[in-house]
Structure formats: C-alpha cells, structure tokens
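Visitor: I would like a close look at a single part of this model. Could you take me through it slowly, and then show me what surrounds it?

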2 protein chains.
Amino acid sequence: MSLTLTPLIGLPMIQKGDDLAALALEALKRQGLKLQSGDILVIAQKIVSKAEGRQINLTKITPSAEASALAAETNKDPRIVELILQESQSVIRKRKDVLIVEGNLGLIHANAGIDQSNVEGDDTALLLPVDPDTSAKALKDRIDTACGTDIGIIINDSVGRAWRKGTVGLAIGVAGVVALQDLRGVEDLTGRTLETTEVGLADQIAAAASLVQGQADEGTPIVLLSGLNARGQGTARDVLRAPNEDLFR
Amino acid sequence: MSLTLTPLIGLPMIQKGDDLAALALEALKRQGLKLQSGDILVIAQKIVSKAEGRQINLTKITPSAEASALAAETNKDPRIVELILQESQSVIRKRKDVLIVEGNLGLIHANAGIDQSNVEGDDTALLLPVDPDTSAKALKDRIDTACGTDIGIIINDSVGRAWRKGTVGLAIGVAGVVALQDLRGVEDLTGRTLETTEVGLADQIAAAASLVQGQADEGTPIVLLSGLNARGQGTARDVLRAPNEDLFR
C-alpha cells in the first residue's frame with residue numbers, strides 16, 4: 001500500500017561507454033532487491049549523459065559571433081553559450097547571468113540543461129542525452145529482458161521554474177510509464193466531474209526520486225520506486241505545451 | 001534508507017469544524033503507524049480548506065462590474081470570477097477559459113486555487129486556507145504535543161505550470177520542514193561547487209505525496225512520508241520569486 005523509493009548504492013563514477021543497465025542490475029542484486037513489473041527506475045540525467053559520451057571539451061569549442069555577443073550580454077562563458085545555442089531551438093529570456101531557452105528536446109530551461117557540476121575538469125561541459133526517451137526505452141528493454149519484467153524508466157533532471165525559486169526534478173525521458181495522466185471524465189468523491197483534467201505524473205515521479213538522489217556528495221543517481229500504478233506508454237514529449245497554447249514564453 | 005509514503009486510510013469526508021489533527025492521529029493509530037521526529041505529514045489543501053470553513057455558497061455572491069466583464073471575457077461564472085478577484089493581488093494572464101492570477105498568498109495559479117470539484121453541491125466553491133503556513137504550524141503543534149515528536153507538515157495543492165501540461169503538487173503551507181534547500185557552497189562528487197544552488201525541497205515532497213493522495217475516488221488526502229532528512233524552519237513563502245526577479249509574469 002505504501003510507495004517506496006530506494007536509492008541504489010555503490011554505483012561507480014560513470015564514464016563514457018559504461019553499461020548503465022548492467023550497473024543497475026548489479027546494484028539491485030547487491031542490495032537484495034528484486035524488480036517487479038510496474039516498478040520504476042528513475043535515473044539522473046547526468047549519468048545517462050556521461051554514459052552516452054555527452055561530455056564536451058570546452059577547449060575545442062570556437063564560439064560564433066552570435067554566441068560571443070550573447071555571452072557578453074549574459075555574463076557567460078562564450079564557449080558555453082555556443083553549446084547552448086547549438087542545443088536550442090530559440091532563446092526565451094536573456095538577462096545578466098540568465099539564459100533561458102527552448103532546448104532541442106522542447107524543454108524550456110536555463111542553459112539548455114548544460115551542466116558543469118559533477119563533471120571532471122573545469123573545461124568540461126555535459127550536454128543532455130540526444131534523445132532521452134530513446135535512452136529510457138533502451139534501458140527498459142535491457143532490464144526487462146534480463147528480469148522478465150515490464151518496468152518503467154524515467155530519466156530526470158533538476159530544472160528551474162517560472163515564479164518559484166528552487167529546482168525540481170522533471171522527467172526528460174520516459175519509457176513504460178504514463179507521463180501525462182488524463183483524468184477527463186473521472187468523477188470525484190461527490191460524483192462531480194473533476195476540474196483538474198491532466199496530472200503531470202512522470203514529473204511528480206521525477207520530483208519524488210530527486211528527494212532520494214541527493215544533489216551533491218550522496219551520489220545515488222538511480223532510485224527504485226515501487227508501489228505506484230503508473231504503467232503506460234508515455235513519452236517526455238507528452239507533457240510539452242504547444243507554443244500556441246503557452247502563455248508564458 | 002528508503003523513503004516511504006503511506007496514505008492514511010478511512011478518513012471521513014471532511015466538514016467545516018472537523019479536527020484534522022485528531023482525525024490524522026486516529027488514522028495513524030488504526031494503521032499501527034507511530035510517528036517519529038522528522039516524519040512529514042502531507043495534507044491536501046482541500047481538506048484543510050473544508051475544515052476551516054472556506055466553502056462559499058455561490059448563490060450569495062454578487063459579482064462586481066469588473067468581475068462580470070472579466071467573466072464574459074474568460075467564459076467563466078461571474079460569481080467565481082468575483083471570488084477569484086477577492087482572492088488575488090493581480091491578474092497575470094487572461095484568455096477564454098483561462099484566468100491566471102497572483103493570489104493573496106503570492107502563488108501564481110489558475111483561478112486563485114478556487115475549486116469546484118469534490119465540494120458538495122454545484123453552487124459551492126472552496127477557497128484556499130487564509131494562511132496555510134499558520135494552518136500547518138497549528139497542525140504540527142497539536143500532533144507534536146500529542147506524540148512527543150518534532151514532525152513536519154506540508155499542505156499541498158495541485159497546480160498547473162508554465163510550459164508544461166499537467167498539474168503537480170506544490171507546497172502551499174509548510175511547518176517544520178525546509179522549503180527551499182540552499183546548496184550554495186556545497187561541493188559535488190568531483191570537488192567542484194554545485195551550480196544548482198537552491199532546491200525546491202517542499203515542492204518535491206508535495207509532488208511525491210500527490211502521487212499517493214490520488215486525484216479522484218481514492219480519497220486519501222493525508223500521506224505520511226518517512227525517511228527523509230528535511231527538518232527545518234521553512235515556510236511556503238520562502239519559495240516565492242520576487243516580481244523583480246521573475247521573468248515570466
């Protein structure tokens with residue numbers, strides 16, 4: 001009846017080419033955890049990006065004139081701004097120390113999700129996975145085949161928000177899980193049709209797991225969530241609001 | 001080591017004047033759950049509002065001219081719009097079927113959080129608690145006194161977002177919990193100072209609990225969260241971004 005979130009412990013620092021499915025399965029075995037269908041593994045974006053080789057050596061980046069101008073305007077490293085522009089569809093807001101874009105994945109976030117923390121070497125940046133939904137599906141298939149299960153995978157990232165301070169975990173890659181729960185037509189306890197018609201289910205799972213993953217030296221980027229009925233065929237794109245329906249860009 | 005979220009079951013439909021602290025303590029006892037310091041009870045806004053008598057009989061509301069004009073513009077019930085304006089500091093966006101405001105609590109949300117679902121009678125609306133931080137503190141004090149504990153209380157609501165479809169649980173009242181976790185100066189696994197400096201901890205707790213509370217006929221508005229180190233003196237206001245720092249209003 002309870003929902004439980006359990007961090008997988010003892011994972012190594014992830015390097016390019018590491019087999020995350022194998023590492024997760026080994027960690028589960030060490031901890032005596034047996035996956036059940038419907039369980040969800042939430043995996044921090046950072047280790048997916050590292051395993052997929054999305055580390056970028058900044059010394060090899062030559063900023064364009066556009067990137068250099070934008071870097072001056074926003075007080076940022078021109079090489080990072082060059083990467084942000086490459087990883088983005090459009091700039092949503094810019095200001096000193098702030099650059100918010102619509103990334104190539106359709107996410108609206110600061111710096112196109114490019115991270116310089118937890119990356120070895122100050123001249124290294126880490127990009128988001130090229131296609132996190134596909135990354136999630138590949139991990140799901142590997143683990144389901146090994147365990148005979150039908151699990152869910154969510155790849156999450158910590159993202160800032162309009163109006164509210166503090167980052168929260170969001171689902172940027174989804175497989176085997178409902179991303180956007182449709183409650184249209186569902187009745188409430190009094191028989192009245194619910195006004196809230198859609199729930200950001202995968203994002204809530206991502207936020208819950210973020211509580212356990214820790215932000216710094218804890219280093220538990222994979223979390224097992226059990227006890228939630230959220231099986232489905234969602235993708236991270238299900239949650240994206242179309243520009244013509246979005247009042248805040 | 002795991003974080004667990006357990007719904008309290010068997011709560012009655014909450015009415016004005018109900019003693020939520022007593023009802024929560026009875027439910028915990030029925031389920032054989034013993035509170036520990038550091039545990040957090042997450043309580044759905046809806047039952048706090050009901051217990052505090054925030055039901056409004058719409059037949060007694062006379063819309064102002066301003067409310068009537070805005071209701072026509074947004075295709076809403078003029079009586080509801082009158083309440084929204086009373087509960088708001090300013091209108092942020094308006095459009096057919098959409099009215100997004102900065103509420104009196106500083107939250108930016110649709111319809112000032114006024115709800116017509118799960119409220120008995122179609123001519124009834126339910127307002128947010130007048131001061132959810134104070135409501136949370138009062139519940140904490142009652143339960144701590146009864147149990148000899150130092151617990152946290154979060155009052156959560158399901159709120160829509162910029163850019164992304166689907167509501168997520170947000171913390172609108174906080175007591176005994178860190179609301180905004182400050183990571184400035186914390187080093188990551190590689191010894192580099194983290195770039196993400198603030199985490200919306202209470203909102204992530206609110207979202208996690210929302211997974212368990214259910215949205216409709218499940219009816220488990222109180223959730224016990226155990227296993228998280230989040231003790232502190234936060235308030236829901238800690239998370240509000242000042243208008244001059246907010247690029248999206």
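Guide: What follows is a walk through helices and strands of chain B, with a short stop in chain A at the end. Please keep in mind that this is a predicted model.

Let us start with helix α3 of chain B, which spans residues 65-74. Which of its residues are buried? They are B:Ala67, B:Leu70 and B:Ala71. Seen down the axis of α3(B), these buried residues fall within an arc of 105°, so they line one face of the helix. On the face turned away from that buried side you will find B:Ala65 and B:Ala72, which are exposed. The buried residues of α3(B) pack against α4 and against β4 (88-95) of chain B. Just past the helix comes B:Asn75, whose phi is positive, near 65°.

Now for the helix partner. Two packed helices are described by the angle between their axes and the distance between the axes. Here, the axes of α3(B) and α4(B), the latter made of residues 78-86, come within 8 Å and cross at roughly 115°. The crossing is right-handed. From α3(B), the residues that take part are B:Glu66, B:Ala67, B:Ser68, B:Leu70 and B:Ala71; across from them, α4(B) contributes B:Pro78, B:Val81, B:Glu82 and B:Leu85. By type, the residues of this contact divide into six nonpolar, one polar and two charged.

The strand partner brings us to a sheet. Strands β4, β5 and β6 of chain B form an open sheet in the order β4-β5-β6, with antiparallel pairing. Because β4 and β6 (108-110) of chain B stand at the edges, each with a single partner strand, one side of each is left without a neighbour in the sheet. Neighbouring strands of this sheet are turned by 25° against each other on average, direction ignored. Between β4(B) and β5(B), which covers residues 98-103, there are six bridges, and B:Lys94 stands opposite B:Leu99 in β5(B). Helix α3(B) packs on this sheet, touching β4 and β5 of chain B, and its direction makes about 30° with that of β4(B).

For another helix in the same chain, turn to α1(B), residues 20-30. Its buried residues are B:Leu20, B:Ala21, B:Ala24 and B:Leu28. They cover an arc of only 100° around the axis, which puts them on the same side of α1(B). What covers them includes β2 (40-44), α2 (45-51), α5 (132-147) and β12 (222-226) of chain B. The face turned away from the buried side carries the exposed residues B:Ala22, B:Lys29 and B:Arg30. Just after this helix, B:Gly32 takes a positive phi of about 70°.

One residue of α1(B) deserves its own look: B:Ala27. Is B:Ala27 buried or partly exposed? B:Ala27 is partly exposed, because it has 19 other C-beta atoms within 10 Å, and a residue counts as buried at 20 or more. B:Ala27 touches B:Leu8, B:Ile9, B:Gly10, B:Leu11 and B:Ile222, leaving aside residues up to four places away in sequence. One of these, B:Leu8, is 19 residues away in sequence and 5.9 Å away in space, C-alpha to C-alpha.

Finally, a stop in chain A. There, antiparallel strands β4 (residues 88-95) and β5 (residues 98-103) are joined by six bridges, and A:Ser88 stands opposite A:Gly103. Their hairpin has two residues between the strands, and in it A:Asp97 takes a positive phi near 70°.

Conventions. Residues numbered from 1 in each chain as written. Chains lettered and ligands numbered in written order. Predicted model: local features only at pLDDT ≥ 70, side-chain atom pairs only at ≥ 80, totals over all residues. Pairing = 2+ DSSP bridges. Helix = DSSP H or I, 4+ residues; strand = E, 2+ residues; numbered from the N terminus. Buried ≥ 20, exposed ≤ 12 C-beta atoms within 10 Å, placed from the backbone. Arc of directions from axis to C-beta. Contact = placed C-beta atoms within 7 Å. Axes fitted to C-alpha atoms, helices over the stretch in contact; angles between N-to-C directions. Left-handed = near helix turned anticlockwise from the far one by under 90°. Nonpolar A, V, L, I, M, F, W, Y, C, P; charged D, E, K, R; others polar.
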